[in-house]
Amino acid sequence: MKKVISCLTLMALSTSLAMAQDPVVSTKYTADPAPYVHGDTIYLYTTHDEDDAEGFKMFDWLLYTSTDMVNWTDHGAVASLDDFKWYEGKNGAWAEEVIERNGKWYMYCPIHGHGIGVLVSDSPYGPFRDPIGHPLVWQREHWEDIDPTILIDDDGQAYMFWGNPHLYVALLNDDMISLKSDAMRMHGTPEHYQEGPWAWKKDGKYYLGFAATCCPEGLGYAMSENPLGPYTFRGYLMAPTDRTRGNHPGIIQYKGKWYGFGLNYDLKNITVKEHKERRSVGAFNVVYRADGTIEESPYFKDVKVEQIENFNPYRPRIEAETMAWGFGLKTVKRGIEDIYVTDVDNGEYILLRGVDFGSRKISRFTASCAATTGGKIELHIDSPDGKLIGSLKVTPTGGDESFREFAGSIKNPQGVHDLYLVFKGATGKKLLNFDYWNIK
Ligand code: FUB
(Lines give C-alpha, C1' and ligand atoms only; values in the text may rest on other atoms or scores of the structure.)
Protein backbone atom coordinates (compact mmCIF):
# COMPACT_ATOMS: atom_id res chain seq x y z
CA MET A 1 0.00 0.00 0.00
CA LYS A 2 2.60 2.51 -0.90
CA LYS A 3 3.43 5.55 -2.06
CA VAL A 4 2.79 6.26 -5.72
CA ILE A 5 0.66 9.22 -4.82
CA SER A 6 0.94 12.97 -5.09
CA CYS A 7 0.63 15.53 -2.31
CA LEU A 8 -2.50 16.85 -4.01
CA THR A 9 -4.13 13.44 -3.84
CA LEU A 10 -3.14 13.14 -0.19
CA MET A 11 -4.82 16.45 0.55
CA ALA A 12 -7.94 15.49 -1.39
CA LEU A 13 -8.23 12.42 0.81
CA SER A 14 -8.93 14.64 3.81
CA THR A 15 -12.60 15.43 4.29
CA SER A 16 -14.25 18.18 6.27
CA LEU A 17 -13.77 18.86 9.96
CA ALA A 18 -14.73 16.13 12.42
CA MET A 19 -16.28 13.64 9.99
CA ALA A 20 -15.14 10.06 9.79
CA GLN A 21 -12.90 9.25 6.90
CA ASP A 22 -13.46 6.35 4.52
CA PRO A 23 -11.94 3.93 5.22
CA VAL A 24 -11.57 3.80 8.99
CA VAL A 25 -8.02 2.39 8.84
CA SER A 26 -5.47 3.72 6.34
CA THR A 27 -2.21 2.04 7.41
CA LYS A 28 -3.30 -1.57 6.73
CA TYR A 29 -5.94 -3.42 4.75
CA THR A 30 -8.76 -4.47 7.07
CA ALA A 31 -11.95 -6.45 6.45
CA ASP A 32 -14.84 -8.23 8.20
CA PRO A 33 -15.53 -5.63 10.90
CA ALA A 34 -16.61 -6.94 14.30
CA PRO A 35 -17.35 -3.97 16.58
CA TYR A 36 -17.96 -4.46 20.30
CA VAL A 37 -18.75 -1.82 22.93
CA HIS A 38 -17.42 -2.09 26.46
CA GLY A 39 -17.38 0.83 28.90
CA ASP A 40 -16.87 4.04 26.94
CA THR A 41 -14.79 2.41 24.22
CA ILE A 42 -15.66 0.84 20.90
CA TYR A 43 -13.44 -2.14 20.11
CA LEU A 44 -13.28 -2.82 16.37
CA TYR A 45 -11.86 -6.24 15.57
CA THR A 46 -11.10 -6.89 11.92
CA THR A 47 -9.53 -9.43 9.65
CA HIS A 48 -6.36 -8.42 7.84
CA ASP A 49 -5.64 -8.55 4.12
CA GLU A 50 -1.89 -8.58 3.57
CA ASP A 51 -0.45 -5.64 1.62
CA ASP A 52 0.59 -7.90 -1.28
CA ALA A 53 -2.60 -9.99 -1.37
CA GLU A 54 -3.98 -10.97 -4.76
CA GLY A 55 -6.70 -13.34 -3.50
CA PHE A 56 -7.49 -13.89 0.19
CA LYS A 57 -4.17 -13.80 2.10
CA MET A 58 -5.14 -13.62 5.76
CA PHE A 59 -3.04 -14.68 8.73
CA ASP A 60 -4.21 -12.73 11.80
CA TRP A 61 -6.94 -10.67 13.48
CA LEU A 62 -6.50 -6.98 14.33
CA LEU A 63 -7.94 -4.59 16.90
CA TYR A 64 -8.65 -0.85 16.73
CA THR A 65 -10.30 1.23 19.48
CA SER A 66 -11.98 4.61 19.56
CA THR A 67 -13.99 6.80 21.88
CA ASP A 68 -15.23 9.18 19.20
CA MET A 69 -15.79 7.02 16.04
CA VAL A 70 -13.30 9.14 14.09
CA ASN A 71 -9.86 8.83 15.70
CA TRP A 72 -8.79 5.18 16.10
CA THR A 73 -5.91 3.58 18.01
CA ASP A 74 -4.18 0.65 16.34
CA HIS A 75 -3.51 -2.30 18.68
CA GLY A 76 -2.07 -4.49 15.94
CA ALA A 77 -2.74 -8.21 15.70
CA VAL A 78 -4.38 -9.62 18.84
CA ALA A 79 -4.67 -13.22 17.57
CA SER A 80 -3.44 -15.27 14.65
CA LEU A 81 -3.67 -18.70 13.03
CA ASP A 82 -0.68 -19.70 15.21
CA ASP A 83 -3.04 -19.63 18.23
CA PHE A 84 -4.82 -22.72 16.83
CA LYS A 85 -2.33 -25.56 17.24
CA TRP A 86 -4.72 -27.98 15.50
CA TYR A 87 -4.48 -26.00 12.27
CA GLU A 88 -1.35 -26.62 10.27
CA GLY A 89 -2.13 -24.37 7.30
CA LYS A 90 -0.77 -20.88 6.81
CA ASN A 91 -3.74 -19.00 5.35
CA GLY A 92 -7.46 -18.64 6.12
CA ALA A 93 -7.96 -16.25 9.09
CA TRP A 94 -11.48 -15.26 8.03
CA ALA A 95 -14.27 -13.20 9.57
CA GLU A 96 -14.17 -13.31 13.38
CA GLU A 97 -16.49 -11.95 16.06
CA VAL A 98 -15.55 -11.08 19.64
CA ILE A 99 -17.88 -10.89 22.61
CA GLU A 100 -17.38 -10.37 26.34
CA ARG A 101 -19.12 -12.52 28.96
CA ASN A 102 -18.45 -12.58 32.70
CA GLY A 103 -15.15 -10.76 32.32
CA LYS A 104 -13.77 -13.07 29.63
CA TRP A 105 -13.41 -12.14 25.97
CA TYR A 106 -14.33 -14.81 23.43
CA MET A 107 -13.15 -14.62 19.83
CA TYR A 108 -14.88 -16.90 17.31
CA CYS A 109 -12.60 -17.47 14.34
CA PRO A 110 -13.42 -19.32 11.13
CA ILE A 111 -10.45 -20.90 9.41
CA HIS A 112 -11.53 -21.35 5.84
CA GLY A 113 -12.22 -25.01 5.16
CA HIS A 114 -11.37 -26.07 8.72
CA GLY A 115 -14.35 -25.03 10.80
CA ILE A 116 -14.73 -22.39 13.47
CA GLY A 117 -12.38 -22.16 16.46
CA VAL A 118 -12.73 -20.18 19.67
CA LEU A 119 -10.15 -18.22 21.65
CA VAL A 120 -10.47 -16.66 25.10
CA SER A 121 -8.73 -13.83 26.91
CA ASP A 122 -9.00 -11.91 30.17
CA SER A 123 -8.64 -8.68 28.22
CA PRO A 124 -9.98 -7.27 24.96
CA TYR A 125 -6.37 -6.67 23.93
CA GLY A 126 -5.37 -10.32 24.40
CA PRO A 127 -3.40 -12.45 24.68
CA PHE A 128 -6.03 -14.90 23.39
CA ARG A 129 -5.59 -18.64 23.87
CA ASP A 130 -7.41 -21.70 22.56
CA PRO A 131 -9.26 -23.26 25.53
CA ILE A 132 -10.48 -26.42 23.73
CA GLY A 133 -7.71 -27.42 21.32
CA HIS A 134 -10.05 -28.33 18.46
CA PRO A 135 -12.68 -26.62 16.27
CA LEU A 136 -15.89 -25.61 18.04
CA VAL A 137 -17.76 -26.47 14.84
CA TRP A 138 -16.51 -28.31 11.80
CA GLN A 139 -18.97 -29.91 9.37
CA ARG A 140 -16.34 -31.70 7.33
CA GLU A 141 -18.68 -32.54 4.46
CA HIS A 142 -18.62 -28.96 3.13
CA TRP A 143 -16.81 -25.63 3.40
CA GLU A 144 -19.80 -23.63 4.64
CA ASP A 145 -18.54 -23.05 8.21
CA ILE A 146 -17.50 -19.41 7.98
CA ASP A 147 -18.49 -16.06 9.46
CA PRO A 148 -19.71 -16.77 13.02
CA THR A 149 -21.82 -14.19 14.84
CA ILE A 150 -22.96 -14.43 18.45
CA LEU A 151 -26.17 -13.24 20.08
CA ILE A 152 -26.67 -13.48 23.85
CA ASP A 153 -30.41 -13.18 24.46
CA ASP A 154 -31.97 -11.49 27.50
CA ASP A 155 -32.49 -14.89 29.14
CA GLY A 156 -28.75 -15.57 28.90
CA GLN A 157 -28.95 -18.11 26.09
CA ALA A 158 -26.13 -17.60 23.57
CA TYR A 159 -26.61 -18.44 19.89
CA MET A 160 -24.01 -18.72 17.16
CA PHE A 161 -25.13 -18.14 13.56
CA TRP A 162 -22.81 -18.66 10.60
CA GLY A 163 -22.50 -19.94 7.06
CA ASN A 164 -22.14 -19.46 3.33
CA PRO A 165 -24.33 -19.93 1.33
CA HIS A 166 -26.64 -21.51 3.92
CA LEU A 167 -27.29 -20.12 7.35
CA TYR A 168 -26.59 -22.34 10.37
CA VAL A 169 -27.27 -21.88 14.07
CA ALA A 170 -26.20 -23.61 17.28
CA LEU A 171 -26.95 -22.89 20.92
CA LEU A 172 -23.86 -22.32 23.07
CA ASN A 173 -23.44 -23.41 26.66
CA ASP A 174 -22.87 -20.71 29.26
CA ASP A 175 -19.13 -21.40 29.11
CA MET A 176 -19.24 -20.00 25.54
CA ILE A 177 -16.73 -22.60 24.37
CA SER A 178 -18.99 -25.64 23.89
CA LEU A 179 -22.22 -26.36 22.01
CA LYS A 180 -25.53 -27.07 23.75
CA SER A 181 -27.18 -28.15 20.47
CA ASP A 182 -26.16 -29.63 17.18
CA ALA A 183 -25.21 -27.33 14.34
CA MET A 184 -28.59 -26.82 12.67
CA ARG A 185 -29.23 -25.54 9.17
CA MET A 186 -31.84 -22.78 9.45
CA HIS A 187 -35.08 -23.28 7.62
CA GLY A 188 -35.52 -20.48 5.14
CA THR A 189 -32.19 -18.69 4.75
CA PRO A 190 -33.33 -15.05 4.26
CA GLU A 191 -33.81 -13.79 0.72
CA HIS A 192 -30.59 -12.33 -0.80
CA TYR A 193 -28.46 -13.87 1.98
CA GLN A 194 -24.90 -14.67 0.88
CA GLU A 195 -22.69 -14.84 3.97
CA GLY A 196 -21.37 -12.73 6.87
CA PRO A 197 -24.35 -12.80 9.27
CA TRP A 198 -24.36 -10.29 12.13
CA ALA A 199 -26.97 -10.90 14.86
CA TRP A 200 -28.40 -8.34 17.25
CA LYS A 201 -31.55 -7.58 19.18
CA LYS A 202 -33.36 -4.28 19.62
CA ASP A 203 -36.69 -3.55 21.29
CA GLY A 204 -37.58 -7.23 21.45
CA LYS A 205 -36.94 -7.80 17.73
CA TYR A 206 -34.20 -10.05 16.38
CA TYR A 207 -32.07 -8.81 13.49
CA LEU A 208 -29.62 -10.48 11.14
CA GLY A 209 -27.46 -8.27 8.93
CA PHE A 210 -25.55 -10.02 6.14
CA ALA A 211 -23.70 -9.67 2.87
CA ALA A 212 -26.65 -9.55 0.48
CA THR A 213 -27.09 -10.23 -3.20
CA CYS A 214 -24.33 -11.28 -5.50
CA CYS A 215 -22.53 -9.80 -7.24
CA PRO A 216 -21.69 -7.10 -6.22
CA GLU A 217 -22.71 -7.60 -2.60
CA GLY A 218 -24.52 -4.99 -0.58
CA LEU A 219 -25.50 -5.21 3.06
CA GLY A 220 -28.99 -6.54 3.75
CA TYR A 221 -30.91 -7.35 6.88
CA ALA A 222 -33.74 -9.59 8.00
CA MET A 223 -35.95 -9.51 11.08
CA SER A 224 -37.70 -12.07 13.24
CA GLU A 225 -39.80 -12.34 16.38
CA ASN A 226 -37.70 -15.31 17.55
CA PRO A 227 -33.96 -15.89 17.80
CA LEU A 228 -34.22 -19.06 15.75
CA GLY A 229 -36.30 -17.41 13.04
CA PRO A 230 -37.84 -17.46 10.58
CA TYR A 231 -35.97 -14.31 9.47
CA THR A 232 -37.59 -12.20 6.74
CA PHE A 233 -35.56 -9.96 4.45
CA ARG A 234 -36.51 -6.34 5.21
CA GLY A 235 -34.18 -4.33 2.97
CA TYR A 236 -30.66 -3.08 2.45
CA LEU A 237 -28.49 -1.36 5.02
CA MET A 238 -26.41 -0.36 2.00
CA ALA A 239 -27.46 -1.29 -1.52
CA PRO A 240 -25.20 -3.27 -3.82
CA THR A 241 -23.71 -0.93 -6.43
CA ASP A 242 -20.77 -1.02 -8.79
CA ARG A 243 -18.74 0.67 -6.03
CA THR A 244 -19.21 -2.38 -3.79
CA ARG A 245 -18.05 -5.95 -4.37
CA GLY A 246 -17.68 -8.28 -1.38
CA ASN A 247 -19.14 -7.06 1.90
CA HIS A 248 -19.61 -7.99 5.54
CA PRO A 249 -21.60 -6.10 8.21
CA GLY A 250 -20.97 -5.33 11.88
CA ILE A 251 -23.71 -3.34 13.68
CA ILE A 252 -23.47 -1.76 17.12
CA GLN A 253 -25.05 0.81 19.41
CA TYR A 254 -22.50 3.23 20.80
CA LYS A 255 -23.01 6.33 22.95
CA GLY A 256 -26.70 6.50 22.09
CA LYS A 257 -26.44 6.04 18.31
CA TRP A 258 -26.32 3.00 16.06
CA TYR A 259 -23.46 2.43 13.66
CA GLY A 260 -22.80 -0.04 10.89
CA PHE A 261 -19.48 -1.15 9.52
CA GLY A 262 -18.83 -2.91 6.24
CA LEU A 263 -16.00 -3.22 3.79
CA ASN A 264 -14.89 -1.73 0.50
CA TYR A 265 -11.89 -1.43 -1.80
CA ASP A 266 -11.50 2.34 -1.55
CA LEU A 267 -8.00 2.31 -0.02
CA LYS A 268 -6.68 -0.16 -2.60
CA ASN A 269 -8.26 1.92 -5.37
CA ILE A 270 -6.06 4.88 -4.43
CA THR A 271 -3.04 3.09 -5.82
CA VAL A 272 -4.21 -0.05 -7.69
CA LYS A 273 -7.22 -0.13 -9.98
CA GLU A 274 -7.40 -3.85 -10.82
CA HIS A 275 -9.15 -6.19 -8.42
CA LYS A 276 -7.17 -7.66 -5.52
CA GLU A 277 -8.46 -8.80 -2.14
CA ARG A 278 -7.11 -5.72 -0.32
CA ARG A 279 -10.16 -4.50 1.51
CA SER A 280 -10.88 -1.79 4.03
CA VAL A 281 -13.46 -1.31 6.75
CA GLY A 282 -15.80 1.65 6.38
CA ALA A 283 -18.50 3.00 8.72
CA PHE A 284 -22.02 4.34 8.29
CA ASN A 285 -24.97 5.43 10.42
CA VAL A 286 -27.78 2.99 11.18
CA VAL A 287 -31.10 4.83 11.44
CA TYR A 288 -34.24 2.97 12.53
CA ARG A 289 -37.76 3.84 11.49
CA ALA A 290 -40.54 3.76 14.09
CA ASP A 291 -41.50 0.19 13.11
CA GLY A 292 -37.96 -1.09 13.68
CA THR A 293 -37.01 -1.31 10.01
CA ILE A 294 -33.83 0.48 8.95
CA GLU A 295 -33.20 3.26 6.44
CA GLU A 296 -30.85 2.44 3.59
CA SER A 297 -27.49 4.21 4.00
CA PRO A 298 -25.63 5.85 1.11
CA TYR A 299 -22.27 4.34 0.09
CA PHE A 300 -19.44 4.76 2.64
CA LYS A 301 -17.80 7.68 0.83
CA ASP A 302 -21.08 9.60 0.81
CA VAL A 303 -21.76 9.06 4.51
CA LYS A 304 -21.05 11.53 7.28
CA VAL A 305 -20.26 9.68 10.51
CA GLU A 306 -19.80 12.57 12.88
CA GLN A 307 -17.21 12.71 15.61
CA ILE A 308 -18.94 11.94 18.92
CA GLU A 309 -16.70 14.07 21.13
CA ASN A 310 -13.63 16.25 20.67
CA PHE A 311 -10.18 14.75 21.05
CA ASN A 312 -8.32 15.78 24.22
CA PRO A 313 -4.68 16.57 23.30
CA TYR A 314 -3.66 16.98 26.96
CA ARG A 315 -3.49 13.28 27.79
CA PRO A 316 -0.10 12.54 29.33
CA ARG A 317 0.78 10.30 26.40
CA ILE A 318 -0.82 10.10 22.95
CA GLU A 319 0.13 7.04 20.99
CA ALA A 320 1.44 7.87 17.52
CA GLU A 321 -0.78 5.08 16.19
CA THR A 322 -3.90 7.02 17.23
CA MET A 323 -5.18 8.71 14.10
CA ALA A 324 -8.07 9.39 11.77
CA TRP A 325 -5.80 9.05 8.73
CA GLY A 326 -2.16 8.16 8.05
CA PHE A 327 -1.95 6.91 4.50
CA GLY A 328 1.55 5.71 3.56
CA LEU A 329 2.52 5.05 7.19
CA LYS A 330 2.76 1.57 8.69
CA THR A 331 2.69 0.29 12.27
CA VAL A 332 4.88 -2.28 14.02
CA LYS A 333 3.89 -4.23 17.12
CA ARG A 334 6.43 -5.30 19.73
CA GLY A 335 4.98 -7.36 22.58
CA ILE A 336 1.35 -7.10 23.63
CA GLU A 337 0.79 -3.36 23.80
CA ASP A 338 3.84 -1.73 22.28
CA ILE A 339 3.17 -0.30 18.84
CA TYR A 340 4.95 2.40 16.91
CA VAL A 341 4.50 4.16 13.58
CA THR A 342 7.10 3.42 10.94
CA ASP A 343 7.84 3.82 7.22
CA VAL A 344 7.62 7.57 7.64
CA ASP A 345 8.44 9.47 4.44
CA ASN A 346 8.73 13.18 3.69
CA GLY A 347 5.29 14.84 3.40
CA GLU A 348 3.30 12.06 5.02
CA TYR A 349 1.25 12.88 8.06
CA ILE A 350 -0.87 11.67 10.95
CA LEU A 351 -4.27 13.36 11.08
CA LEU A 352 -6.21 13.69 14.33
CA ARG A 353 -9.69 15.08 13.87
CA GLY A 354 -11.54 17.53 16.11
CA VAL A 355 -8.73 18.27 18.59
CA ASP A 356 -9.86 20.62 21.36
CA PHE A 357 -6.89 22.80 22.35
CA GLY A 358 -9.06 25.04 24.55
CA SER A 359 -7.27 28.16 25.67
CA ARG A 360 -4.64 26.84 28.05
CA LYS A 361 -1.09 28.13 27.81
CA ILE A 362 1.23 25.57 26.22
CA SER A 363 4.77 25.74 24.90
CA ARG A 364 6.29 22.27 24.83
CA PHE A 365 5.82 19.49 22.26
CA THR A 366 7.63 16.22 22.99
CA ALA A 367 7.78 13.05 20.91
CA SER A 368 9.39 9.66 21.44
CA CYS A 369 11.20 8.71 18.25
CA ALA A 370 13.94 6.43 16.99
CA ALA A 371 15.89 7.27 13.86
CA THR A 372 18.87 6.36 11.78
CA THR A 373 18.19 9.26 9.42
CA GLY A 374 16.06 11.79 11.29
CA GLY A 375 13.82 14.64 10.22
CA LYS A 376 11.24 17.03 11.57
CA ILE A 377 7.69 16.70 12.89
CA GLU A 378 5.65 19.81 12.16
CA LEU A 379 2.26 20.50 13.70
CA HIS A 380 -0.20 22.11 11.30
CA ILE A 381 -3.87 22.81 11.83
CA ASP A 382 -6.83 22.29 9.52
CA SER A 383 -4.80 21.01 6.53
CA PRO A 384 -1.35 19.45 6.04
CA ASP A 385 -0.03 22.84 4.94
CA GLY A 386 -2.29 24.89 7.22
CA LYS A 387 -0.99 27.19 9.97
CA LEU A 388 2.22 25.90 11.57
CA ILE A 389 1.74 25.80 15.36
CA GLY A 390 4.75 23.76 16.45
CA SER A 391 7.62 21.52 15.48
CA LEU A 392 10.45 19.39 16.74
CA LYS A 393 13.66 18.04 15.23
CA VAL A 394 14.50 14.34 15.42
CA THR A 395 18.21 13.51 15.16
CA PRO A 396 19.66 10.00 14.72
CA THR A 397 19.34 7.92 17.89
CA GLY A 398 21.64 5.08 16.91
CA GLY A 399 19.02 2.64 15.64
CA ASP A 400 15.47 2.19 14.38
CA GLU A 401 14.33 0.86 17.75
CA SER A 402 16.45 3.11 19.99
CA PHE A 403 13.65 5.39 21.10
CA ARG A 404 14.21 8.60 23.04
CA GLU A 405 12.22 11.72 23.75
CA PHE A 406 12.78 14.86 21.69
CA ALA A 407 11.51 18.27 22.73
CA GLY A 408 10.22 21.07 20.53
CA SER A 409 7.80 23.96 20.76
CA ILE A 410 4.08 24.59 20.23
CA LYS A 411 1.81 27.63 20.40
CA ASN A 412 -1.85 27.06 21.28
CA PRO A 413 -4.03 27.68 18.21
CA GLN A 414 -7.08 27.95 20.58
CA GLY A 415 -10.28 26.00 20.14
CA VAL A 416 -11.07 22.92 18.04
CA HIS A 417 -9.00 22.04 14.97
CA ASP A 418 -7.96 19.09 12.90
CA LEU A 419 -4.31 18.47 13.76
CA TYR A 420 -1.74 17.24 11.22
CA LEU A 421 1.60 15.89 12.42
CA VAL A 422 3.54 16.32 9.19
CA PHE A 423 6.89 14.60 8.68
CA LYS A 424 9.65 16.47 6.86
CA GLY A 425 13.13 15.34 5.89
CA ALA A 426 15.59 16.06 3.12
CA THR A 427 16.45 12.39 2.58
CA GLY A 428 12.78 11.71 1.77
CA LYS A 429 12.27 8.14 2.95
CA LYS A 430 12.11 6.25 6.23
CA LEU A 431 12.95 9.30 8.29
CA LEU A 432 12.07 8.02 11.74
CA ASN A 433 9.96 5.71 13.89
CA PHE A 434 7.42 7.36 16.17
CA ASP A 435 6.05 5.90 19.41
CA TYR A 436 4.11 8.62 21.29
CA TRP A 437 3.82 12.36 21.85
CA ASN A 438 2.60 14.95 24.30
CA ILE A 439 1.97 18.70 24.55
CA LYS A 440 1.99 20.94 27.61
O1 FUB B 1 -12.66 -12.21 4.62
C2 FUB B 1 -12.81 -13.52 4.15
C3 FUB B 1 -14.27 -13.77 3.81
O4 FUB B 1 -14.68 -12.80 2.85
C5 FUB B 1 -15.21 -13.58 4.97
O6 FUB B 1 -15.22 -14.63 5.83
C7 FUB B 1 -16.47 -13.30 4.24
O8 FUB B 1 -17.48 -12.77 5.04
C9 FUB B 1 -15.98 -12.32 3.18
O10 FUB B 1 -15.86 -11.04 3.71
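These are my notebook entries on a predicted model of one protein chain.

**Entry 1: overall build**

I started with the whole chain. I count two helices and 29 strands in it. The C-alpha atoms fill a box of roughly 65 × 50 × 45 Å along the principal axes. Next I checked the radius of gyration: a compact globule with 440 residues would have one near 22 Å, and the protein chain has 22 Å, so the two agree. On burial, 62% of the 440 residues count as buried. I also looked at how far apart in sequence the contacts reach. Of the contacts with a separation of 6 or more, 60% come from residues 24 or more positions apart.

**Entry 2: the largest pocket**

Then I went looking for empty space. Rolling a probe the size of a water molecule over the atoms shows where such space is left. The largest pocket holds about 420 Å³. Which residues lie nearest its centre? I get Tyr 36, Ala 199, Trp 200, Lys 201 and Ile 252, out of a lining of 18 residues. Five strands give two or more residues each to that lining: E1 (29-38), E5 (97-101), E8 (149-152), E12 (193-202) and E16 (250-254). Strand E12 gives the most, with four residues. By class, I noted 14 nonpolar residues in the pocket lining, one polar and three charged.

**Entry 3: strand E8 and its partner**

Since E8 is among the strands that line the pocket, I followed its pairing. E8 runs antiparallel to strand E9 (residues 158-162), and four bridges join the two. For a reference point I picked Leu 151, whose bridge partner in E9 is Tyr 159. E8 and E9 make a hairpin with five residues between the strands. In that hairpin, Gly 156 takes a positive phi near 90°.

**Entry 4: strand E14**

Next I turned to E14 (residues 218-224). Is this strand mostly covered or mostly open? It is mostly covered, with seven of its seven residues buried. I split its residues by the way they point. Gly 218, Gly 220, Ala 222 and Ser 224 point one way, while Leu 219, Tyr 221 and Met 223 point the other way, and all of them are buried. Buried here means under 20% relative accessible area.

I then looked for the neighbours of E14. Strand E13 (residues 205-212) pairs with E14 in the antiparallel sense over seven bridges. Strand E15 (residues 232-238) also pairs with E14 in the antiparallel sense, over five bridges. Leu 219 makes a handy marker: it is the bridge partner of Ala 211, and its partner in E15 is Met 238. E13 and E14 form a hairpin, too, with five residues between them. Thr 213 sits in that turn and has a positive phi of about 75°.

**Entry 5: closed cavities**

Last, I checked for closed space. How many cavities of 30 Å³ or more are there? I count three. The largest cavity has a volume of about 70 Å³. Its lining includes Val 24, Val 25, Ser 26 and Thr 27, along with Tyr 64, Trp 72 and Asp 74. Glu 321, Met 323, Ala 324 and Trp 325 are also in that lining. Sorted by class, the residues around the largest cavity are seven nonpolar, two polar and two charged.

Key. Residues numbered from 1 in each chain as written. Predicted model: local features only at pLDDT ≥ 70, side-chain atom pairs only at ≥ 80, totals over all residues. Heavy atoms only, no water. 1 Å grid on protein atoms, 1.4 Å probe; cavity = no way out; pocket = protein on both sides within 12 Å on 5 of 7 lines; lining within 4 Å. Points joined across faces, edges and corners; volume = space filled by probe spheres on them. Nonpolar A, V, L, I, M, F, W, Y, C, P; charged D, E, K, R; others polar. Buried < 20%, exposed > 50% of the residue type's maximum accessible area, 1.4 Å probe, protein only. Pairing = 2+ DSSP bridges. Rg over C-alpha atoms; globule rule 2.2 N^0.38 Å. Contact = heavy atoms within 4.5 Å.
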